[in-house]
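Trainee: I have not looked at this chain before. Could we go through it step by step?

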Amino acid sequence: QVQLVESGGGLVQAGGSLRLSCAASGRTFSTYTMGWFRQAAGKEREFVTGVSWRGDSTYYADSVKGRFTISRDNAKNTVYLQMNSLKPEDTAVYYCAARRSMMVVSTSGAYDSWGQGTQVTVSS
């Protein structure tokens with residue numbers, strides 16, 4: 001497994017932007033597909049976006065298309081989530097996840113390693 005640590009969460013007004021980071025260590029980062037999930041209070045964890053570090057492909061949930069962007073810097077073992085035009089419904093704990101695969105998947109059970117999560121709160 002790879003160890004993951006998220007950072008960058010906080011409180012932001014609706015329409016604002018926030019950038020999350022996920023730092024990885026412990027294994028070869030470039031061989032992992034990386035994903036971002038989120039879990040709002042009282043709801044199940046849901047897929048947000050993912051990137052295949054070997055296949056260099058991305059996938060986004062419909063709810064964040066056009067607003068969120070996933071990117072990575074393999075030299076720094078870091079994946080980012082740029083969030084623009086934030087809405088109150090984006091409020092959740094955001095988790096970084098890793099899977100040793102070339103393919104992006106949206107099922108949380110397919111991921112092997114998870115970060116501790118970082119809180120994002122969007123006020124109206």
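Mentor: The questions below cover the fold, the disulfide and the cores of this predicted model.

Trainee: How many helices and strands does the chain have?

Mentor: From the N terminus on, the elements run β-β-β-β-β-β-β-β-β-β-β. The counts are therefore zero helices and 11 strands.

Trainee: What is the radius of gyration of the chain, and how does it stand against the globule rule?

Mentor: For 124 residues the globule rule gives 14 Å. The value for the chain is close to that, so the chain is as compact as a globular protein of that length. Its radius of gyration is 13 Å.

Trainee: Which cysteines form a disulfide?

Mentor: A disulfide needs two cysteine sulfur atoms within 2.5 Å, and the count by this rule is one. The sulfur atoms of the pair are 2.1 Å apart. One partner lies in strand 3 and the other in strand 9, 74 residues apart. The pair is Cys22 and Cys96.

Trainee: Is Cys22 buried or exposed?

Mentor: Buried means under 20% relative accessible area. Cys22 has a relative accessible area of 0%, so Cys22 is buried.

Trainee: How many residues does the largest nonpolar core have?

Mentor: Residues with the most contacts inside this core include Leu4, Trp36 and Met83. Strands that each supply at least two of its residues include strand 4 (33-39) and strand 8 (78-83). A second, separate core has seven residues, among them Phe37 and Phe47. The number of residues in the largest core is 28.

Key
Residues are numbered from 1 along each chain as its sequence is written. This is a predicted model: local features need pLDDT of at least 70, side-chain atom pairs count only at pLDDT 80 or more; totals for chains, interfaces and linings use all residues. Side-chain values use heavy atoms; hydrogens and water are left out. A nonpolar core is a set of buried Ala, Val, Leu, Ile, Met, Phe, Trp, Tyr and Cys residues joined through side-chain atoms within 4.5 Å. Buried means under 20% relative accessible area, exposed over 50%, partly exposed in between (1.4 Å probe, protein chains only). Helices (H or I, at least four residues) and strands (E, at least two) are DSSP runs, numbered from the N terminus. The radius of gyration is taken over C-alpha atoms; the globule rule is 2.2 Å times the number of residues to the power 0.38.
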